[in-house]
Amino acid sequence: MGAHFRNGPHGYGLVTRTLHWTVVLAIALQFAVGYLLDVDDGGRGRGRGRGRGEEPGKGQGRGRGGDDGYALFGDDTLLTAHVLLGLTILLLGTVRLVWRLTTPLPPWAPTLGASERRLAHWTENALYAVTFAIPLSGLALVVSGDDGLLAAHVATHVVFFIALSLHIGLVLKHQLVDRDHLLRRML
């Protein structure tokens, strides 16, 4: 049987699955690097737009040797990796969204009830939205150095973890309770 590149009655196609799991991996790496930013500076929040010491509102990289802003390829390798991963997630998210909008979805799994379909649809939309909102709010935070944007960036993380928990919970219910192998459609 040949590879199915596009979605169809068989389930999700190779392109959809590859984009899905690549975005998952990129976001997981992004969170790991983001948390390393905080660990690396003793927990003072270096990766969250904070300046030196406890001074809020200065932004990462501001005030260093007359530098007025964040330098993408400056001395902060972790922050550079974090920003580049954010840009990569934006690019992958754009490609994935264009693919999603131009490629029909496979039929719903027959074992999904009406409320589960609504939940799946809601979590999909929320996860697409935060795929853009998290990196955009992070880039705005880093570029502007405005700690006022920290709340927006953190809020996007909260929405992400709520939507992700519901998404994974639905999949686990079908894998472990219903035992209908729903996950196989995305593997």
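A residue counts as buried under 20% relative accessible area, as exposed over 50%, and as partly exposed in between. Keep that scale in mind for the views below, which all come from a predicted model.

**Figure 1. Phe161 meets Phe31 in a tilted aromatic pair.** At 37% relative accessibility, Phe161 is partly exposed. Its partner Phe31 has a relative accessible area of 13%, so Phe31 is buried. The two ring centres are 5.1 Å apart and the ring planes stand at 45 degrees, which makes this a tilted pair. Phe31 belongs to helix α1 (residues 14-40) and Phe161 to helix α4 (residues 150-177), so the pair ties together parts that are 130 residues apart in sequence.

**Figure 2. Phe31 and Phe161 have aromatic company.** Here the view takes in Tyr35 and Phe160 as well, which form one aromatic cluster with Phe31 and Phe161. Across the structure there are four aromatic pairs.

**Figure 3. A nonpolar patch lies on the surface.** Look for Trp122, Val154, Val158, Ile162 and Leu166, the residues that form this patch. Together they have about 430 Å² of accessible area. Helix α4 supplies the largest share, with four residues. Trp122 sits in helix α3 (residues 114-144). With a relative accessible area of 43%, Trp122 is partly exposed.

**Figure 4. The whole protein is built with four helices and zero strands.** Following the sequence, you will meet the pattern α-α-α-α. Of the 187 residues in the protein, 39% are buried. The accessible surface comes to about 10700 Å², and 68% of that belongs to carbon and sulfur atoms. Contacts also reach across the sequence: among those between residues at least 6 apart, 64% join residues at least 24 apart.

**Figure 5. Confidence varies along the model.** The mean pLDDT of the protein is 83, and 81% of its residues reach 70 or more. Among the elements, helix α2 (residues 77-102) has the highest mean pLDDT, at 95, while α1 has the lowest, at 90. Where does pLDDT stay under 50? One such stretch is residues 43-54, for which the model has 34 contacts beyond four places in sequence. Another is residues 56-67, with 26 contacts of that kind.

How values were computed
Residues numbered from 1 in each chain as written. Predicted model: local features only at pLDDT ≥ 70, side-chain atom pairs only at ≥ 80, totals over all residues. Heavy atoms only, no water. Phe/Tyr/Trp six-rings, centres within 6.5 Å; stacked < 30°, edge-to-face > 60°. Helix = DSSP H or I, 4+ residues; strand = E, 2+ residues; numbered from the N terminus. Buried < 20%, exposed > 50% of the residue type's maximum accessible area, 1.4 Å probe, protein only. Patch = residues over 30% accessible without salt bridge, like charges linked within 9 Å, V, L, I, M, F, W, Y side chains within 5 Å. Areas by Shrake-Rupley, 256 points an atom, 1.4 Å probe, with all protein chains shown as cover. Salt bridge = Lys/Arg side-chain N within 4 Å of Asp/Glu carboxyl O. Contact = heavy atoms within 4.5 Å. pLDDT = per-residue confidence, 0-100.
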